[in-house]
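Please look through the sequence and the model shown here, and then follow the report below, which takes up a few side-chain contacts and the helices that carry them.

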Amino acid sequence: MAEQAATAAEQQVAEARRQNEITERQLHLALEERDANHQREQREQAARHVATVHEVLLAADAMRDEFFTNATAVIEHQERAEHPYGFSPPLLMFDHAGSRWDTAVNEIRLNKPASDVTAAIDAYDKYTKSVRRAVNDTWDKAEDRRLSVPTAQELMNLVSRRDGEYEALKQACDEFFAANGVNPNDLTAS
């Protein structure tokens, strides 16, 4: 009877060890799956950040042309010829790139990628706001033919910084892309 009890106890211990091994394997598999899911989520988030930062860069590039076009239009509007019947053609301003920029920056605010690239985007956003404000202020003066030469020159000086401001942003974006294992030359313009 004692032998049967000892054998039964050994079988219970063996069964308990087997169950522990199964449980440990299941736990190990669950941890591997969790880690794999976490890595996949990080890759997906990095891909979303790269796409969003790329969109910001494309919008910033478009803004450079729009700044120049709008500033030039304002200055030319100041010098417009009066129509013989007392009215002049309206000043046409473009803001397609500005809308694209605003959308991309709002997306950045939601996704919050690395702080270095966010700081560069914030700096460029501050610059875009100052140019847009200057263009709108000079537009009001040009409408009333009150745009002075120093004010027009100040606007053009602000707009002429567009390439330098863009290059600073592009450098930060390129560093962000490199940190995420993406070659900026592999990104397509859209």
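## A pair within one helix

Lys170 and Asp174 both belong to helix α5, where they stand 4 residues apart, or about one turn of the helix. An α-helix has 3.6 residues a turn, so residues three or four places apart point the same way. In this predicted model, Lys170 forms a salt bridge with Asp174, and the closest N and O atoms are 3.0 Å apart. Lys170 is partly exposed, with a relative accessible area of 26%, and Asp174 is also partly exposed, with a value of 22%.

## How confident the prediction is

The average pLDDT of the chain is 85, and 91% of the residues score at least 70. Helix α5 (residues 162-179) has the highest confidence, at 91, whereas the lowest is found in helix α2 (residues 96-111), at a mean of 86. Where pLDDT is low, the predicted coordinates should not be read in detail.

## Salt bridges between helices

Side chains of opposite charge can pair when their charged atoms come close. Across the whole structure, a search finds 12 salt bridges. One of the salt bridges joins the side chains of Arg64 and Asp163, at 3.1 Å from N to O. Because Arg64 lies in helix α1 (residues 2-78) and Asp163 in helix α5, this pair ties together parts that are 99 residues apart in sequence. Arg64 counts as buried, at 17% relative accessibility, while Asp163, at 38%, counts as partly exposed. Arg64 has a further contact, since its charged end sits over the ring of Tyr166, 3.9 Å from the ring centre.

A salt bridge also forms between the side chains of Asp102 and Arg132, at 3.0 Å from N to O. Here Asp102 is in helix α2 and Arg132 in helix α3 (residues 115-143), so that distant parts of the chain, 30 residues apart, are linked by the pair. Is each partner buried or exposed, or in between? Asp102 is partly exposed, with a relative accessible area of 30%, but Arg132 is buried, with a relative accessible area of 19%, as the limit for buried is under 20%. Elsewhere, Arg109, Asp122, Asp125 and Lys129 are joined in a network of salt bridges.

## Aromatic rings

The structure has 4 aromatic pairs. In one of them, Phe67 and Tyr127 meet edge-to-face, with 5.8 Å from centre to centre and 85 degrees between the planes. Since Phe67 lies in helix α1 and Tyr127 in helix α3, the pair ties together parts that are 60 residues apart in sequence.

Phe67 and Tyr127 are both buried. They also belong to one aromatic cluster, which is formed by Phe67, Trp101, Tyr124 and Tyr127.

## The length of helix α3

What span should the 29 residues of α3 have, at 1.5 Å a residue? The expected span is 42 Å, and because the end C-alpha atoms of α3 are 41 Å apart in the model, the two values agree. Just after α3, Arg145 takes a positive phi of about 55 degrees.

How values were computed: Residues numbered from 1 in each chain as written. Predicted model: local features only at pLDDT ≥ 70, side-chain atom pairs only at ≥ 80, totals over all residues. Heavy atoms only, no water. pLDDT = per-residue confidence, 0-100. Helix = DSSP H or I, 4+ residues; strand = E, 2+ residues; numbered from the N terminus. Salt bridge = Lys/Arg side-chain N within 4 Å of Asp/Glu carboxyl O. Buried < 20%, exposed > 50% of the residue type's maximum accessible area, 1.4 Å probe, protein only. Expected span 1.5 Å × (residues − 1). Phe/Tyr/Trp six-rings, centres within 6.5 Å; stacked < 30°, edge-to-face > 60°. Lys NZ or Arg CZ within 6 Å of the ring centre and 35° of its normal.
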